[in-house]
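Okay, thanks for coming, everyone. I'll put the structure up and then talk you through it.

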Amino acid sequence: MKTIAAISTAPAVGGIGVIRISGEQAIEIAQSVFRPLSTKKSLSEMKGYTAAFGYVHTPDNRKLDECVALVFRAPHSYTGENVVELSCHGGLFLLKKVLEAVYAAGAVPAEAGEFTKRAFLNKKIDLTEAEAVASIIAAHSDASAAAAVSAKDGVLFQKIQKIASDLVLLSAHLAAWTDYPDDDIDALDFGQLEKTLSTAKKECEALLSTFDAAQIVSVGVDTAIIGRTNVGKSSLMNLICGEEKSIVTDIAGTTRDVVETSVRMGNAVLKLSDTAGLRESEDKVEQIGIELSRKKALSASFILAVFDVSKPLEDEDFALLETIKNKRAILVLNKTDLSAVWQPEILEKYAKKTVFLSAKEGNGYQNLVDAVEDALGTKDFNPYAPMLATERQKVCLLNASGCIEEALDAIHMGLTLDAVNVSIDSAINAFLELTGERATERITEEIFKNFCVGK
Amino acid sequence: MEFFAKQYDIIVIGAGHAGIEAALAGARLGVSTAVFAINLDSVGNMPCNPSIGGTSKGHLVREIDALGGEMGIAADANLIQSRMLNLGKGPAVHSLRAQIDRKDYARYMKHVLETQEHLDLIQAEITDLYKKEDTWFVKTKLEAVYSAACVILATGTFLAGKIYVGDVSFESGPDGMFPAKELGVAVRALGLPIRRFKTGTPSRVNRRSIDFTKMEEQKGDADLVHFSFDPRCKIENKISCHITYTNETTKQIILDNLDRSPMYAGKIEGKGPRYCPSIEDKIVRFSEKQRHQIFIEPCGLDTEEMYLQGLSSSLPEDVQADFVHSIAGLEHAQIMRNAYAIEYDCVDPTALGASLEFLDFDGLFGAGQFNGSSGYEEAAAQGLVAGINAAHKILGKEPLILDRAGSYIGTLIDDLVTKGCTDPYRMMTSRSEYRLVLRQDNADERLTPIGYEIGLISEERYQIFLEKQAMIRAERKRIEKTSIPCTDEVNAILVSHETSPLKKGCKMIELLKRPSISYDSLAPIDTSRPNLPREVFEQVEISIKYEGYIKRQEAQIKEMRRLEKKIIPAHTDYETITGLRLEAAEKLSKIRPHNVGQASRISGVTPADISVLLIYLTKAGEEND
C-alpha cells in the first residue's frame with residue numbers, strides 16, 4: 001500500500017500545522033526530509049511514541065522550518081501503519097512546502113477519508129464507523145466527479161488531453177512497429193521520437209508552471225532583488241512597495257541585511273527581499289549581510305536583477321548574470337533618468353527579459369509589472385476558473401514529466417526501445433489518472449486507427 | 001433413437017488448438033476426458049496461416065510450454081522455418097515465429113491425443129448441450145448421449161459457421177468442414193450471451209505458378225531457438241518465405257468491385273477483427289498507402305499450396321483472381337483454394353470468470369475463438385487454462401487464476417473476462433503493462449513452478465529447470481564479484497564498442513550495465529568465465545542491463561498483487577453495498593470479478609468505488625469471523 005501524506009490540521013493560518021505521513025515507508029520518507037538537531041538518533045532508529053526536534057528541508061537541502069517529528073510504529077498508530085507526524089511552526093505556505101518535500105520523497109497525496117479508511121482496514125476503529133467512512137468517500141467521489149465534469153470544459157484539461165494524445169500516438173507507433181514487425185510500418189525516427197518527448201516534457205513543465213501561477217497568485221513567489229551595490233535595489237523595492245521598507249541612501253553598503261515584504265504586482269504576489277549589495281566588503285556586519293543576500297538570491301524562485309545604465313558594467317555585474325543564468329529572472333535596467341553609458345544589447349546573450357526603469361522617478365513601472373506577470377505566467381490567470389491546482393494533479397503531472405525524462409534518458413543511454421516504450425506508457429498512465437482512462441486501451445485503439453497492420 | 005453412450009468427467013467440444021490443450025490437460029491430470037471433433041481430419045488444423053508464434057503469440061506458446069501444454073513441443077517437431085522477430089528492439093519484444101508444416105502438425109497432434117491415457121478422441125457432431133441436476137449432457141448427430149461434470153466449449157469458427165464469397169454465402173465450417181449448426185441453437189437456448197464475429201482467410205496458390213524472381217526471399221534465422229524449454233528434437237530451416245507487394249492496379253481492381261463485397265454490401269453482421277483486416281478493408285481505410293506487403297508462406301514440404309498472407313478477402317472469386325494476378329510474381333498464379341470470410345457464433349467473454357468457467361453455469365467452460373479471441377496461440381492458452389480448471393473442479397482443487405503480472409496468458413484472460421471484446425481479440429505486447437518482466441525468454445521462470453505444482457510438469461523436467469535457475473543465480477553472483485582491472489586490453493574493448501574507457505578498475509557488473517557492452521563482448525577479458533548455455537547467460541545479461549526497469553515493474557507488480565489477493569466472494573450483492581455508485585454496482589454485478597484487482601480494471605469502476613468495496617469486504621470478513 002502506498003504511503004500517503006496530508007496536512008492534517010485545519011487549512012488556516014495558525015500557530016502550528018501538522019503533516020501526517022502514513023504507510024510502510026512513512027519513517028523512511030520522513031527521515032529524508034527531516035534532520036534531527038541532535039545527530040545521535042535518526043528517525044528510523046527511534047521507537048514508537050517518541051519525538052525528535054529538528055528541521056525539515058527540501059530535497060535539495062534547503063532548510064524549510066523548525067519541526068517536531070513524532071514517530072508511531074505499526075500497529076500502534078491511528079491508522080495501524082507506521083506514522084510520522086511533523087509539527088511545523090509556519091503558516092500554510094511553509095506547510096505546503098513541507099508537504100511538497102514529503103511528496104518528492106515518495107509519499108502520495110491522501111484521498112479524502114483515507115487515513116480513517118486505513119485505520120478501519122487495519123481494524124483500528126470500530127465497525128460502526130465503517131458506513132460513515134464509506135459515505136465520506138462516496139460523497140467525495142461525487143464531488144470530484146462533478147469537478148471532473150466541469151473541468152472537462154477547461155483549457156487545462158484539454159491541454160492535458162492533448163499532451164497525453166501525442167504520447168499515445170507515439171506509443172501506438174512504437175507498439176505497431178514492434179507488434180507488427182513484418183508489416184511495413186516506418187521505423188520510428190529517433191530524432192522525431194526525441195523531439196516529441198521533449199515537446200511533451202516542455203508542455204508538461206508549462207502546465208506545471210500554470211499550477212505554480214495559481215500558487216503565485218494566492219501565496220506568492222519568493223523573489224529576490226539583487227544587484228551590485230548602489231544600482232538602486234532599495235529604490236526599486238520602495239517603488240514596488242509604495243512605502244519606505246528599506247533605507248535608501250547613496251552610501252554603498254547601507255542595506256545590511258535582508259528586508260522582506262509581500263506585495264501584489266498585477267495578479268502576482270511577490271514575497272520580496274531587498275538585499276545587501278553584492279560586493280566584497282571589509283566590514284564584518286556588512287559581510288554577514290552580503291552572505292545572507294547571496295544565499296537568498298540563490299534560493300529565491302524569482303529574481304529581479306538590477307543594473308545601473310548610468311555607469312559602466314563591472315565584473316561583478318557579469319558574475320551576477322552568470323549566477324542567475326538558469327533562474328527565472330528579469331533584468332531591470334535602472335536609472336534611465338540619467339544618461340546611459342551602455343546599450344542593452346550587451347545583455348542579449350543572457351536571453352532574459354529586460355526592462356528600462358527609473359526607480360527614482362517611477363518611469364517604466366508598468367513595463368516592469370507586465371514583464372513580471374509575463375515571466376510568472378499570471379497575466380491571464382483567472383481566479384474564477386475551476387479548481388485545477390490540486391496537489392494530486394500536480395503530483396500526476398510531475399510523475400508524467402519524470403517518466404518522460406526517463407524515456408529521454410533511456411534514449412540517450414542507448415537502451416532498447418522496449419524500455420523507452422514502457423516509460424512512455426507510464427507517462428501516459430500518469431496523465432490518464434486525471435481522466436480515468438487506461439493507457440493500454442487507448443494505445444490499442446490508436447494502433448488500429450492509424451496503422452495498416454495484420455495479415 | 002437416442003441412447004446413453006458413456007460418462008466422462010470432462011467433455012471437450014472441438015479439437016482445434018483450444019480443445020487439444022484442454023483435453024490433454026484434463027487427461028494428464030488423471031481425469032477421464034473425451035474430446036469431440038466434427039471430423040477427425042480437422043484435429044489440430046490450421047485453417048488460416050501455416051505458422052505459429054509471432055509477436056506476443058510467441059510469448060504465449062512459450063508460456064503454454066512452461067506450464068506443461070503441448071503446442072510448443074508440437075511446433076518444434078513440425079517447423080520448417082523459424083525466426084526470432086524484433087531482434088534489436090529489446091528483449092521484452094523478442095518473439096519467436098515459425099512456419100509449420102500444417103498437415104504434419106495436425107497429424108502429430110491427433111496422434112498425441114490418440115495416445116494420451118484417460119483421453120478418448122471421438123468423431124461426432126454435437127447437436128445438443130443441456131444440464132440435468134448437476135450433470136451436463138451432450139447429444140451427437142447420431143443421437144448418442146454422453147455425460148460429464150464439466151463441459152468445455154471450444155467450437156472455434158464451426159459454431160453456426162457461415163462462409164461468404166462475394167454474393168455467395170452458405171453454412172459451413174472452416175476449410176469445407178460441416179458447421180455445428182444445431183449446437184449454435186442449443187447454446188442460445190441455454191441462455192449464453194451469444195453474438196456473431198467474423199474472420200477471413202486469403203487464397204492458396206500453386207507454388208509452380210509463382211514467379212519467385214520478382215519477389216524478395218525471406219530466410220529463417222541462422223541460430224534457431226526452440227519454442228519448448230524442453231527441446232526434444234533438432235530444428236532447422238527447410239524452406240524460405242517470399243515477399244511481394246500490391247500495386248495501383250490491385251487497388252483499382254478492388255475499388256472497382258467494392259459493391260460486390262458482402263462486407264461493404266452490409267450482408268455480414270459479424271464483427272471482423274481490426275488487427276486482421278481484409279485487403280479491401282486495408283485499401284479503403286488506408287487509401288493513401290501506395291502498396292501493401294504480401295508474404296508467400298509455404299503450407300508444408302509435401303504440398304505445393306502457398307498461403308498469401310495479406311490478401312484475406314470476401315470479394316467474389318473472379319475479382320480475387322483479378323487482383324491476385326495484378327501482383328508482381330503472381331501474374332500467372334493458379335488459385336487452388338479461394339479466399340473467404342467466415343462468420344460464426346461466439347460468446348461475450350464477460351459472462352466467464354477468470355477460471356474460464358461461466359459465472360452462471362456451473363461446470364461449463366469456454367475456450368478459444370468461442371470466447372471471442374482469435375489466433376491459434378490465444379486459443380491454446382485458454383484451452384490449457386480451461387482444461388486445468390475443469391480438472392481442478394473434478395478433483396476438488398482451487399481454480400488456477402493466472403494474473404496479468406505473471407503471464408501473457410493471464411493478461412489475455414483478464415482482458416477477455418474483465419473488459420470483454422468488441423471484435424476478435426488478438427494478443428499484443430502492448431497489451432501487457434508488465435512486458436519488461438513478462439519476456440518470452442523467462443516464461444519458464446514465471447510458470448514452470450506452477451506447472452509442476454499442478455502436475456503438468458514432470459519431476460525430471462522440473463529438476464532441469466531448477467538446475468538452470470541455480471546456474472543463472474551463480475553466474476550473476478560471479479559477475480557481481482568479478483573485478484575488471486583498468487588495462488589497455490579492457491579499454492580497447494570498451495572503446496571498440498563506442499563506450500568510455502575505464503579510469504580505474506571496476507566490477508564486471510558495472511560494465512554489463514552499459515547498453516553497448518554485451519556478455520559476449522567481454523569474453524576475452526573475463527578469464528574465469530564458465531562455459532554456460534546461451535539461455536543461462538542471457539538471463540543474467542538481461543537482469544543486469546534492465547535492472548532499473550525490471551525493479552520498477554516488480555514494485556508495480558507487488559502493489560498490483562496486493563489487490564489481486566483480496567478475493568471477492570462469488571455471491572456478493574453489490575446493490576446492497578453502502579456508498580457504491582449505481583454505475584459501479586451495475587458493472588460489478590455483470591462482471592462479478594474474482595478479486596479486487598480485477599474489479600479495479602473494470603471500466604466505470606473508480607478508485608473511490610474500490611475503497612468502498614475494500615471497506616465492505618473487510619466488514620463482511622469480520623462479521624463472518
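**A strand with both faces covered**

So, starting in chain A: A:F302, A:L304, A:V306 and A:D308 point one way from β11(A), A:I303, A:A305 and A:F307 point the other way, and all are buried. Buried means that 20 or more other C-beta atoms lie within 10 Å of the residue's own, exposed means 12 or fewer, partly exposed is in between, and the C-beta atoms are placed from the backbone. The alternation is what you'd expect, because in a regular strand the side chains alternate between the two faces of the sheet.

Before I go on, the ground rules: this is a predicted model, where local features need pLDDT of at least 70 and side-chain atom pairs count only at pLDDT 80 or more, while totals for chains, interfaces and linings use all residues. Residues are numbered from 1 along each chain as its sequence is written, and chains are lettered from A and ligands numbered from 1 in the order in which they are written. Helices (H or I, at least four residues) and strands (E, at least two) are DSSP runs, numbered from the N terminus.

Back to β11(A), which covers residues 302–308 and has 7 of its 7 residues buried. What does β11(A) pair with? One partner is strand β8 of chain A, residues 221–227, which runs parallel to β11(A) with 5 bridges. There, A:I226 has A:A305 as its bridge partner. The other one I want to show is β12(A), residues 329–334, again parallel, over 6 bridges. In that pairing A:F307 stands opposite A:L333. For a pair to count, DSSP has to find at least two bridges between the strands.

Now follow the chain: β11(A), helix α9 (residues 315–323) and β12(A) make a right-handed β-α-β unit. Right-handed here means that, with the strands pointing away from the viewer, the path from the first strand over the helix to the second runs clockwise.

Zooming out, chain A comes to 13 helices and 13 strands, and of its 455 residues 41% count as buried. Among its contacts between residues at least 6 apart in sequence, 64% join residues at least 24 apart. A contact means C-beta atoms, placed from the backbone, within 7 Å.

On to chain B, with 19 helices and 24 strands. Of its 625 residues, 54% count as buried, and the matching contact figure is 73% joining residues at least 24 apart, among those at least 6 apart. The C-alpha atoms fill a box of roughly 85 × 75 × 50 Å along the principal axes.

Which residues sit at the heart of the contacts in the largest nonpolar core? That core has 184 residues, and B:I10, B:V151 and B:I152 touch the most other members. By core I mean buried Ala, Val, Leu, Ile, Met, Phe, Trp, Tyr and Cys residues joined through C-beta atoms within 7 Å. Leaving out residues up to four places away in sequence, B:V151 touches B:I11, B:I13, B:L129, B:W136, B:V138, B:G363 and B:L364. Apart from that core lies another of 54 residues, including A:A6, A:L86, A:C88 and B:I568.

One last residue: B:V112, in helix α4 (residues 102–114) of chain B. Buried or exposed? It counts as buried, because it has 20 C-beta neighbours inside 10 Å. B:V112 and B:L24 are 88 residues apart in sequence, and 8.6 Å apart in space, C-alpha to C-alpha.

Definitions and conventions: Two residues are in contact if their C-beta atoms, placed from the backbone, lie within 7 Å.
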